[in-house]
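I've opened a new page for this one. My plan is to look up the strands first, then the core, then the empty spaces.

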Amino acid sequence: MTEIKKLTAAFMLLAALCSPAFLYAGRALAMGGKPQDFNAGVRTLAIWVDKSKRMLEAAVWYPTRRKTTFSTISEWTMPAAHNAAETPGRYPVILISHDMAMNRFTNNNLACALASNGFIVIAVTHTGDNMDGAEKAFSLSNLFLRPRQLLLAFEAALANKHLGPLIDQTRIGVLGVGTGAVTALQLAGASPQAPDYATYCEESSTNDVFCGKMAQAAFALWPAMMEKVTGLGGPQAFTPKPDAMREPFARLNPVEKPPSDAGRIIRAVGLMAPGGVMFFPPESLAGLNLPVGAIIAAQDELYPPDLQARRMLERIPPSLRDPSDILTLPESDHYSLNAPCPQDLLLNLPEICGSKAGEEREELSARRDAHFIRFFKAYLGAPLPPEQAEGDLAATPIDGGPPGSRQGE
């Protein structure tokens, strides 16, 4: 019996060492990361938009002590325990805006890694610009609604009895993926403009997503429409503030708990394989005052990095983009930075699933995760005990620095 127990224990140890979670953690350490502090839990939220009878779908990842398990939600499998008990504390928050025609789960493995390192991560499926329908992808309404949808998801998480007590409203980061970079920069205070697509498309190729007939026909309508919207909503109509989340067109269902009136502070913005530089002429980014971290996919087939990511970063004041906060992945294409596709998507739309697979994909993901974990920890700080009051933190910022200052690592 003793020998059987020894053999059983040996097989269990071998299985653990070969598990995806263990291999993933090992690669993260090899890339300069640190052992994770928690495991990841995940909850889904359904948010009814007032009067429109539309539902926004959001997902929230959070720290838990529950043993790591793999959950499958809407066909996406991720290393997070569904509806696991939360670990009490006050955690910084990261809002993720997905790329054009993607959804809230497209970056689930990055969200799990961030949650395992002490962050609350909130992602929403943007209406009319997702995998089920991208009819609004080039519309001005998309530019107006995307940041508000992300803020509404934040509001719903804050009102949730499980998630609300975990959220530190004074430490918020935003991460934009692909065209989600536009949304992230809007929330960071940048004012987008009607795109100068003609100049951009002279430099790009006819295959560029922003240079097709449908995109150009939509963009041609923007100048007059933007003038009308800003005339009604003021110069900041396209740069909503985090304290102005509840707007007439998008309120929480009345049965939900009202949101807190506490001040909210966005401290840092991350960009991953960004697209949408033509919406931000140099002067529109010159006024940013938040630190920016980014990952550039050198083989980005969707948004050419020389025309998009690098040019976008060049327009951001140098004082806000520390060289250590910008990572170029020479071997990465655009979609390989996303979570691996579900099997059905891999079979039917392999072109949006990335060229990297297996160990090579895992190593890319580990480098991506380590970069953004380090970046957001530097500017948002570590979790706090649950008894730490928001007012105390607002009065005494982490390590005594102003919002957006780099914290000690």
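**Strands.** Before the pairing, a term: two strands pair if DSSP finds at least two bridges between them. I also note that this is a predicted model.

I began with strand 9, residues 266–272. Which strands does strand 9 pair with? On one hand, strand 8 (residues 167–177) runs parallel to strand 9, with six bridges joining them. I looked up one position there and found glycine 173 opposite alanine 268 of strand 9. On the other hand, strand 10 (residues 292–297) also pairs with strand 9 in the parallel sense, over four bridges. In that pairing, valine 269 faces valine 292 of strand 10.

Next I asked how many residues of strand 9 are buried. It's seven of the seven, so strand 9 is largely enclosed by the rest of the structure. Buried here means under 20% relative accessible area.

**Core.** A general note to self: in soluble globular proteins, nonpolar side chains tend to be buried together. I then checked the largest nonpolar core here, and it has 119 residues. Those with the most contacts inside it are Trp61, Met78, Ile120, Ile122, Phe210, Leu271 and Phe376. Which element gives the largest share of this core? That is helix 4, with ten residues.

**Cavities.** I counted two cavities of 30 Å³ or more. The largest has about 160 Å³ of space. Its lining is made of 16 residues, and Ala137, Asn142, Leu143, Thr179 and Phe279 lie nearest its centre. Helix 4 (140–159) and helix 5 (180–187) are the elements that give two or more residues to that lining. By class, I get nine nonpolar, five polar and two charged residues around the largest cavity.

The second largest cavity holds about 40 Å³. Among the residues lining it are Trp76, Met102, Met131, Tyr335, Cys341 and Arg361. Sorted by class, this lining has nine nonpolar residues, two polar and one charged.

**Pocket.** I moved on to the second largest pocket, which has a volume of about 330 Å³. Its lining counts 21 residues, with Asn103, Arg104, Asn130, Met131 and Asp132 nearest its centre. So far I have met Met131 twice, since the lining of the second largest cavity includes Met131 and the pocket has Met131 among the residues nearest its centre. Strand 2 (54–64) and helix 11 (343–348) each supply at least two residues of the pocket lining. Strand 2 gives the largest share, four residues. The classes here are eight nonpolar, seven polar and six charged.

**Glycine 180.** I picked out one residue of helix 5, glycine 180. Is glycine 180 buried or exposed? It counts as buried, because its relative accessibility is 0%. I also checked its distance to methionine 102: the C-alpha atoms are separated by 10.0 Å, while the two residues are 78 residues apart along the chain.

**Helix 12.** Last entry: helix 12 covers residues 358–380, 23 residues. From its first C-alpha to its last it reaches 32 Å, close to the 33 Å expected at 1.5 Å a residue. What comes just after helix 12? I found glycine 381 there, with a positive phi of about 85°.

Technical notes. Residues are numbered from 1 along each chain as its sequence is written. This is a predicted model: local features need pLDDT of at least 70, side-chain atom pairs count only at pLDDT 80 or more; totals for chains, interfaces and linings use all residues. Side-chain values use heavy atoms; hydrogens and water are left out. On a 1 Å grid over the protein atoms alone, a cavity is a set of points where a 1.4 Å probe fits but cannot get out, and a pocket is an open set with protein on both sides within 12 Å along at least five of seven lines; lining residues have an atom within 4 Å of a point. Grid points are joined across faces, edges and corners, and a volume is the space filled by probe spheres set on the points. Ala, Val, Leu, Ile, Met, Phe, Trp, Tyr, Cys and Pro count as nonpolar, Asp, Glu, Lys and Arg as charged, and the others, Gly among them, as polar. Buried means under 20% relative accessible area, exposed over 50%, partly exposed in between (1.4 Å probe, protein chains only). A nonpolar core is a set of buried Ala, Val, Leu, Ile, Met, Phe, Trp, Tyr and Cys residues joined through side-chain atoms within 4.5 Å. The expected span of a helix is 1.5 Å times one less than its number of residues.
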